[in-house]
Amino acid sequence: MKIKRLLLSLFKVLGIIAFWLAIWALVSFRVNSELLFPSPLSVLKALGTLAITSEFWLTSLYSLVRVILGILVSLLLGAALAVITEKSRILNSLLSPMLNVIKATPVASFIILALLWLNRDTLPLFITALIVVPIVWSNVSEGIRSVDHNLVEVAKIYKFSAKSKLTKLYVPSVAPFFMAACRSSLGMAWKAGISAEVLSTPNNAIGTELYFAKTYLETPSLFAWTAVVIILSVIIEKLFVFVLEKVGDKLHIIPRGVNNDKN
Amino acid sequence: MIKIDKLSVKFQNQVIIDDLSFTFEQGIFYGLTGASGIGKTTLLGAIAGLVPTSHGAISSDFQKLGYIFQDARLFPWMTALENVECVCHDIKKAEYYLNKLLPNAANKFPHELSGGMKQRVSIARALSYDAPLLLLDEPFKGLDEETKQFTVDAVMEFIKGRTAILVSHDYGELALCDKILKMERSPVSSLTEVKSGSTSFE
Ligand SMILES: Nc1ncnc2c1ncn2[C@@H]1O[C@H](COP(=O)(O)OP(=O)(O)OP(=O)(O)O)[C@@H](O)[C@H]1O
Ligand SMILES: [Mg+2]
């Protein structure tokens, strides 16, 4: 019964993939130009030739590490800013306009500015932070504001220590908001990081490869690298959420038995 | 002893408690009744230091108090047992009280419990804290007769020798108290003792 259902959904997924591959193949057949719209087969071939080189893996790894590092730093920074601005009204008034300005500024403006200010290796990290920090900041702020006042009173009556208040009340209350921020920012951070790489062309970077593929008109290679970005994006998101949930479970901080979206 | 001296409490310019004076004596189990909205919960909150007072003073000899809120107020991310254990820091004690009030639910999360079950976890939590003063805000509301019986028994056993204030509208519950107080406003707030057994307090 279960196996049958599994097989059925597998066929469904394969069917959907086959459908879009067929469309792709058809379009590229009609366009009839490997330069403008390569066929699935030539993209696969390009991917194959890439995958056997060690540079390919190194490049992917470097980009991945760069972005993950950026994300980690941003998560910490965003959460810290949220705590600070929720604790101090003055800092909140001072810093929240900055949040709004960053949110409203196009990433491209930042990239161009950052090209002037920063070296090519730190730029993608900076761009990642610009995407992730505001999202984490505003989500965690909202989480802190929405901590149940009734439970704060319980913690007061039973004289919770500062540590207990943090680990048993605030962190579990804010955790769903933090997770939501991760979910919605990771994919964006990754894409923005790659875009930044395209413009700053650091050594060993997927973005740099995309840039060269464009420059040398190697469209199959462009498609192949894009496929790599997509695959890694899915992996990052799944991996991050998985790790966060595991860590949360270990530390008893992620709400167990409660739906993460409502409380 | 809890000495309340000319206490006033305001919520957004609306006076809820007005010029109330009263002294709660050590070791007495008080019943507190009065019309809905008169300010009973507000008074317990003021005694517990949760509600800011606008005038007057409350001086209390108690460093520690247990509080059974009108709603259960459990931490949704903790099991029933963890909810009790997090206040008494003693797993044996937590198990003892939880078993007494709500057996076979130690590992259940609040959202898996009914309203009355959550209320009993909240009672177990307050008792396990082992404080000399216990504030109870309609703790037995919504329990069926049989459950109420053993819950009341557990609370009564705990209260022996301690100071407690029980807010209730239930005649049977109030009859268990040493003294019954009725909260009124005419026009200032007052607590007046009514005789147990008389029906005049409702
Ligand atoms: N946080 C608050 N903000 C504003 N008004 C409040 C607040 N808490 C209570 N009140 C008001 O104070 C009054 C007294 O409320 P309280 O909860 O103390 O009544 P009560 O005597 O406990 O009633 P009940 O028997 O229904 O529980 C009510 O009119 C209520 O509207
Ligand atoms: Mg009340």
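# Exercises on two sheets, a helix and a ligand

Strand β1 (residues 2-11) of chain B pairs with β4(B) in the antiparallel sense over 5 bridges. Here two strands count as paired if DSSP finds at least two bridges between them, and the strands (E, at least two residues) and helices (H or I, at least four) are DSSP runs, numbered from the N terminus. This is a predicted model, in which local features need pLDDT of at least 70 and side-chain atom pairs count only at pLDDT 80 or more, while totals for chains, interfaces and linings use all residues. Residues are numbered from 1 along each chain as its sequence is written, chains are lettered from A and ligands numbered from 1 in the order in which they are written, and side-chain values use heavy atoms, leaving out hydrogens and water.

## Exercise 1: the three-stranded sheet

Task: work out the strand order in the open sheet of 3 strands in chain B, and explain why β2(B) and β4(B) each have a side without a neighbour.

Solution, step by step:

1. Strands of a sheet pair through backbone hydrogen bonds, either parallel or antiparallel.
2. In this sheet the order is β2-β1-β4 (chain B), and the pairing is antiparallel.
3. β2 (14-24) and β4 (55-60) of chain B stand at the edges with a single partner strand each, so one side of each lacks a neighbour in the sheet.
4. Ignoring direction, neighbouring strands are turned by 25° against each other on average. Axes are lines fitted to C-alpha atoms, for helices over the stretch in contact, and angles run from 0 to 180 degrees between N-to-C directions.
5. For a residue pair to look up, take Asp5(B): its bridge partner in β4(B) is Ala57(B).
6. Now add the helix: α1(B) packs on this sheet and touches β1, β2 and β4 of chain B, its direction making about 120° with that of β1(B). Contact means heavy atoms within 4.5 Å.

## Exercise 2: the six-stranded sheet

Task: trace the open sheet of 6 strands in chain B and find its edge strands.

Solution, step by step:

1. The order is β5-β6-β7-β3-β8-β9 (chain B), with mixed pairing.
2. The edges are β5 (65-68) and β9 (189-194) of chain B, each of which pairs on one side only.
3. From one strand to the next, the twist averages 20°.
4. To see the mixture, start with β3(B) and β8(B), which run parallel and are joined by 4 bridges. Here Tyr30(B) stands opposite Lys179(B) in β8(B).
5. Then compare β8 (residues 179-185) of chain B with β9(B): these run antiparallel, joined by 6 bridges. Leu181(B) stands opposite Glu193(B) in β9(B), and Met183(B) has Leu191(B) as its bridge partner there.
6. α1(B) packs on this sheet too, touching β3 (29-33), β5, β6 (133-137), β7 (163-167), β8 and β9 of chain B, and its direction makes about 155° with that of β6(B).

## Exercise 3: an unusual turn

Task: which peptide bond involving Pro187(B) is cis, and where is this proline found?

Solution, step by step:

1. A hairpin through 3 residues joins β8(B) to β9(B).
2. Pro187(B) is found in the loop between these strands, β8 and β9 of chain B.
3. The cis peptide bond joins Ser186(B) and Pro187(B), with omega about -10°.

## Exercise 4: around ligand 1

Task: describe which residues surround ligand 1 and which polar side chains approach its oxygen atoms.

Solution, step by step:

1. The shell has 14 residues, the closest being Ser36(B), Gly37(B), Lys40(B), Thr41(B) and Thr42(B); a residue is near if one of its heavy atoms lies within 4 Å.
2. Helix α1 (residues 40-48) of chain B gives the largest share, 3 residues.
3. An N or O atom in the side chain of Ser36(B) is 2.6 Å from a ligand oxygen atom, and for the Thr41(B) side chain the distance is also 2.6 Å.
4. A polar side-chain atom of His169(B) lies 3.3 Å from an oxygen atom of ligand 1. The cut-off for a polar contact is a pair of N or O atoms within 3.5 Å.
5. Taken alone, ligand 1 exposes 640 Å², of which the protein buries 64%; these accessible areas come from the Shrake-Rupley method with a 1.4 Å probe.

How values were computed. A polar contact is a pair of N or O atoms within 3.5 Å; within protein, one must be able to donate a hydrogen and the other to accept it, and residues adjacent in sequence count only if both atoms are side-chain atoms.
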